[in-house]
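Trainee: I am new to this structure and would be grateful for a close look at a single part. Could you please take me through one interface, and then set it beside what else has been computed?

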Amino acid sequence: MRKVMSANEAVANAVKLARVGVVGIYPITPQTTVIEKLAEMKAEGEIDADIVRVESEHAAMGVTLGAGAAGVRSFTATGSQGLLYMHEMVWWASGSRVPLVMMVGTRAVGAPWNIWNENTDFMSERDSGWIMAFASNPQEAFDLVLQGFRISEDERVFLPMMVGMDGFILTHMKTNVYLPSQEEVDAFLPPRRQPYVIDPEAPIGMGNIFPPVEYMKLRHSIHSAIQSAESVIKEIGKDYEKISPFNNYRTLNVKYRMEDADYALVLMGAWAGDAMEAIDELREKGINIGMLRIRYLRPWAESEIKELENVKGILVMDRATSLGRGGPLYLEVKATVRNQVKGVVTGLGGVLLNKEDFKRIILKFLKEAKEERSDGVEWYYPAEVEKVELRNPKDVE
Amino acid sequence: MQHEYQYFPITVPGKGAGGQTGTWRFVRPVVNLNKCIGCRACWMFCPEATIHVIDGKVEVDYDYCKGCGICANVCPVKAILMEGEDQ
Amino acid sequence: MLIEIRFHGRGGQGVVTAAELLASAAGLDGLWSSAFPIYGAERRGAPIEAYCRISKESIRITSPVENPDFVVVIDPTLLQIVNPLRGLKPGGVIVVNSKNTTLENSYYLDATSLAKEIGLVKSGWPMTNLIMLGALIRVMGVVSMDSLIKAIREEFNGKVAELNVQGVKLAYERVKGAVKIAA
């Protein structure tokens with residue numbers, strides 16, 4: 001069935017079709033409509049899940065993790081300040097090795113308050129030991145959340161998985177989404193599996209103190225599980241074709257016009273759509289540029305990224321920053337390939353880019369690449385940002 | 001587990017996860033069974049669950065008792081005395 | 001084919017809902033569509049814009065509509081405050097809620113009076129958002145009335161749904177323009 005819906009509605013539908021048992025959740029813009037949709041489904045009797053309204057995101061993950069540890073398929077969703085407030089429990093979930101899925105509607109982080117899109121919140125969890133995927137359209141948001149349960153519950157992985165999506169731009173954009181039937185999803189998604197289940201009849205200690213040698217071994221185990229997830233994701237992506245018309249999940253990341261590309265643009269998220277429009281127009285002018293869209297930050301598919309070494313120049317665009325350093329995606333790519341890599345940080349705090357901005361960024365990069373000085377990080381300002389005058393306390397007086 | 005790298009942060013309750021902690025002891029609780037009234041105060045307060053009450057009388061598991069002395073301290077009739085291991 | 005539509009109105013007038021229901025109706029007609037607003041300004045009374053794209057192929061672009069094929073002005077008082085016509089494509093069409101208009105290449109419908117006439121009033125505000133969709137789909141000729149009515153009934157229940165259905169049907173008949181409308 002194909003229906004027009006937002007990414008948040010699509011995520012709620014994935015939760016429904018996955019027959020999730022417990023949702024521990026706290027509202028935050030731009031994720032709130034996920035809860036609203038789930039609550040509506042609950043009120044209409046469409047889902048059996050217990051939706052637990054908690055007092056904070058820290059508790060939201062506590063409930064979701066607890067339910068997961070007790071053997072129930074569980075889900076939560078958050079973003080921005082909420083994700084940061086949850087941060088401690090995010091690590092507790094991966095360290096506990098309990099499979100679960102979390103949706104992250106990305107949003108800038110204060111101070112000052114800003115409700116608009118930026119990916120820094122999502123990127124700041126990259127060391128937490130989760131499987132981390134990032135969607136570029138509402139369809140992919142649905143597909144990744146649904147696949148997420150199977151990836152997370154695979155015995156070669158047994159780690160929680162978060163699926164990021166650009167706040168508002170995806171979470172609130174309504175477009176056509178294909179939903180498989182309940183029977184198809186039941187066939188695709190086996191009953192929940194997990195490494196252990198807490199049970200009062202057979203008590204175990206969970207997360208009790210681990211001495212240094214065992215703790216280090218456990219961290220290495222999570223590292224290995226993330227790396228092993230690469231082949232698991234491909235296998236599940238291929239199997240997904242049985243219930244979906246989309247066949248682009250055989251790789252972790254997605255290439256666009258890379259076959260004969262001399263230059264590559266690397267980015268993740270919704271703006272890939274606008275970038276593809278820009279690439280098509282530049283191609284018509286004889287500029288051989290392609291795109292590699294990062295869909296999985298963890299695992300980091302090193303062999304897929306390494307293919308970039310075949311091009312003459314690489315441009316990485318981040319909608320996030322590691323302040324004082326550069327975009328996190330840029331740093332990851334730079335650590336993977338031997339080529340010169342240029343990083344562009346832009347689109348922060350809801351700043352929007354259009355096709356012309358992409359063309360401007362790409363053309364400047366090509367000029368620098370030809371002069372072999374396409375290295376380092378640049379902050380790109382769309383015209384509206386350029387006009388902003390700086391404020392300092394003297395002006396405020 | 002089929003996948004050798006997999007390792008999970010769980011512990012299963014059992015005797016002596018920290019080894020035979022009885023070797024940590026340099027004073028041992030000795031119970032005067034003539035004085036013991038079977039009130040279970042020592043059983044309740046022992047932090048290591050090494051005191052067992054069998055047929056109303058107290059028995060100490062010396063393999064795991066660390067000799068902390070809490071039992072002697074809480075005994076209302078002073079039926080438990082701490083004696084040096086070297087005696 | 002890519003049709004880009006920009007809606008202008010005020011917070012509380014259902015501007016976002018209008019864009020979304022147009023997208024839903026297009027989806028029901030087997031077309032690809034996408035709809036989204038610029039968020040952050042959704043305060044009652046503040047100027048709002050929302051976007052809808054309709055195509056025969058899947059839509060990749062996610063940025064706001066800057067060069068619309070159609071502009072829908074739900075609240076005509078905005079013509080004096082913001083510039084709803086900015087970036088309109090050459091030959092682009094304006095559909096305005098007004099008793100009449102002198103704008104070039106435009107169509108008009110007195111949606112406010114129509115809303116009052118059928119009793120489609122919420123908290124004292126005549127609800128003209130979906131009524132304007134009735135006018136727009138006539139002018140566009142891409143999205144069917146059946147699908148629009150179905151989309152309305154999926155989103156709303158009871159009296160609100162039926163008043164809006166009545167409203168879009170009347171709007172479809174009453175919309176007038178400088179350019180003759182095909183029957």
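**The interface of chain B and chain A**

Mentor: Between them, chain B and chain A bury about 1,500 Å², with 62% of that area on carbon and sulfur atoms. Buried area here is the accessible area, taken with a 1.4 Å probe, that two parts lose on being put together, summed over both. On the side of chain B, the residues that lose the most area to chain A are B:Tyr5, B:Tyr7 and B:Pro9, which together make up 45% of what that side buries.

The model is predicted, so local features need pLDDT of at least 70 and side-chain atom pairs count only at pLDDT 80 or more, while totals for chains, interfaces and linings use all residues. Residues are numbered from 1 along each chain as its sequence is written, chains are lettered from A and ligands numbered from 1 in the order in which they are written, and side-chain values use heavy atoms, with hydrogens and water left out.

Twelve residues of chain B and 23 residues of chain A take part in the contact, where contact means heavy atoms within 4.5 Å. Between chain B and chain A there are zero salt bridges (a side-chain nitrogen of Lys or Arg within 4 Å of a carboxyl oxygen of Asp or Glu). There are, however, 13 residue pairs in polar contact between chain B and chain A, both residues at pLDDT 80 or more. The side of chain B that touches chain A consists of eight nonpolar, four polar and no charged residues. In this scheme Ala, Val, Leu, Ile, Met, Phe, Trp, Tyr, Cys and Pro are nonpolar, Asp, Glu, Lys and Arg are charged, and the others, Gly among them, are polar. A polar contact is a pair of N or O atoms within 3.5 Å; within protein, one must be able to donate a hydrogen and the other to accept it, and residues adjacent in sequence count only if both atoms are side-chain atoms.

The two chains are also joined through strands. Strand β9 of chain A (residues 205-206) and strand β1 of chain B (residues 10-11) run antiparallel and are linked by two bridges. One pairing is that of A:Met206 with B:Ile10 in β1(B). Strands are DSSP runs (E, at least two residues), numbered from the N terminus, and two of them pair if DSSP finds at least two bridges between them.

Within chain A there is a further interface, between domain 1 (2-196 + 209-242) and domain 2 (254-386), whose bounds come from an automatic or database domain assignment. These two domains of chain A bury about 2,200 Å² between them, 60% of it on carbon and sulfur atoms. Here the rule finds two salt bridges across the interface.

Technical notes
Helices (H or I, at least four residues) and strands (E, at least two) are DSSP runs, numbered from the N terminus.
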